[in-house]
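Here's a quick tour of a structure, moving from one helix to a pocket and then to a ring contact. Have the model open and follow along.

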Amino acid sequence: MLTLLAHAKINLTLDVLAKRPDGYHEVEMVMQSISLSDKLSFIRTNNNDSIELSGDLIPQETVQNNLIYRAASAFLKYNGLTDGVKITVKKNIPIATGLAGGSTDAAATLHGLNILLKQNNSILELEQLALKLGSDVPFCLTGGLQLAQGRGEKLTPISPIPNCSLLIVKPPFSLSTPKIYQLYDSMPNQKKIKTQELIAQFSNDCKIETIFPYLLNKLEKPAFTIKPSLQIYKEMLLQAGAAHVMMSGSGPTLFAINKSLEDSITVKEKFLCALKATYKKTLHPQELSPEVFVTTVKPTSHGYDLINS
């Protein structure tokens, strides 16, 4: 059996550029892998031409639409294989949250089958398969800190982020990515993101607070317009002592950057206390129970960790 950890990501920047003829938007993003991860296990079976997928949040009636299944199918077809495989998933990354939970599982599946079935596909070959699965999947193959351009497939590694801790807040609701982009297109232009200036800060071996003025997600404004409670969460996190707070991807997940693990734990405690004590009149009762995780950034040259083989 082969077991991998597939890491989530956050967006330190997300700039929306022109709309492409294929309906996608050109984007420019600085993305960072984090320690929060799913666990995927792979074994060969005696059932040729069979992909078995089981585990957390895997509805069997729609299993063929799952990104893990699609990644496995694409890999086997590309390599002309008829092997049977079974993939078991332990989910820790919340789904549909802007953390690339599905994309990172798909990327880990490409890596996992490449190792398990001894195909030795190059990273370039895997990237070509990855792009057909989703815009974030190529990044999740390699992880670390990278500039992503185009649809997300043009990747440039960046010098590592300074040491910091993260507090992830996943609200108890989801957002529609198409609706977020549709509303963004109707809004006035926002200030320009200074991506190259941010990258230069990383190259200068800076302190974490040095990068805060350059961090911006342009989808935050339309997301907060659709769900004003996100703005309330953000203000609460800042009041709880978070050094910087922003939304990841198209949301709804927020993350707070802090200098140390101890700071993140303190912010978490104050945030949860404030939810119970102060905001019952401004938040819907269901919004008083977000999922909250303390984690760290993940400096890595790949988007997974090999547990055993």
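Let's begin with α5, where the buried residues are I180, Y181 and Y184. They end up on the same side of the helix because they cover an arc of only 95° around its axis. Flip to the other side of α5 and you'll find P178, K179, Q182 and S186 exposed. Bear in mind throughout that this is a predicted model.

Now for the open space. The largest pocket has a volume of about 1,200 Å³, and 45 residues line it. If you want to find its centre, look for A100, S103, D136, T177 and S250, which lie nearest to it.

Which elements give two or more residues to the lining of the largest pocket? They are β1 (2-19), β2 (25-45), α1 (67-78), α2 (101-116) and α5 (177-186), so our opening helix turns up again here. The biggest giver is α2, with four residues.

And what is that lining made of? Here's how the residues of the largest pocket's lining divide:

| Residue class | Count in the lining |
|---|---|
| Nonpolar | 21 residues |
| Polar | 18 residues |
| Charged | six residues |

Last stop: the rings. The structure holds one aromatic pair. There's also a charge over a ring to look at: K227 places its charged end over the ring of F173, at 4.4 Å from the ring's centre.

How values were computed:
Residues numbered from 1 in each chain as written. Predicted model: local features only at pLDDT ≥ 70, side-chain atom pairs only at ≥ 80, totals over all residues. Heavy atoms only, no water. 1 Å grid on protein atoms, 1.4 Å probe; cavity = no way out; pocket = protein on both sides within 12 Å on 5 of 7 lines; lining within 4 Å. Points joined across faces, edges and corners; volume = space filled by probe spheres on them. Nonpolar A, V, L, I, M, F, W, Y, C, P; charged D, E, K, R; others polar. Phe/Tyr/Trp six-rings, centres within 6.5 Å; stacked < 30°, edge-to-face > 60°. Lys NZ or Arg CZ within 6 Å of the ring centre and 35° of its normal. Buried < 20%, exposed > 50% of the residue type's maximum accessible area, 1.4 Å probe, protein only. Arc of directions from axis to C-beta.
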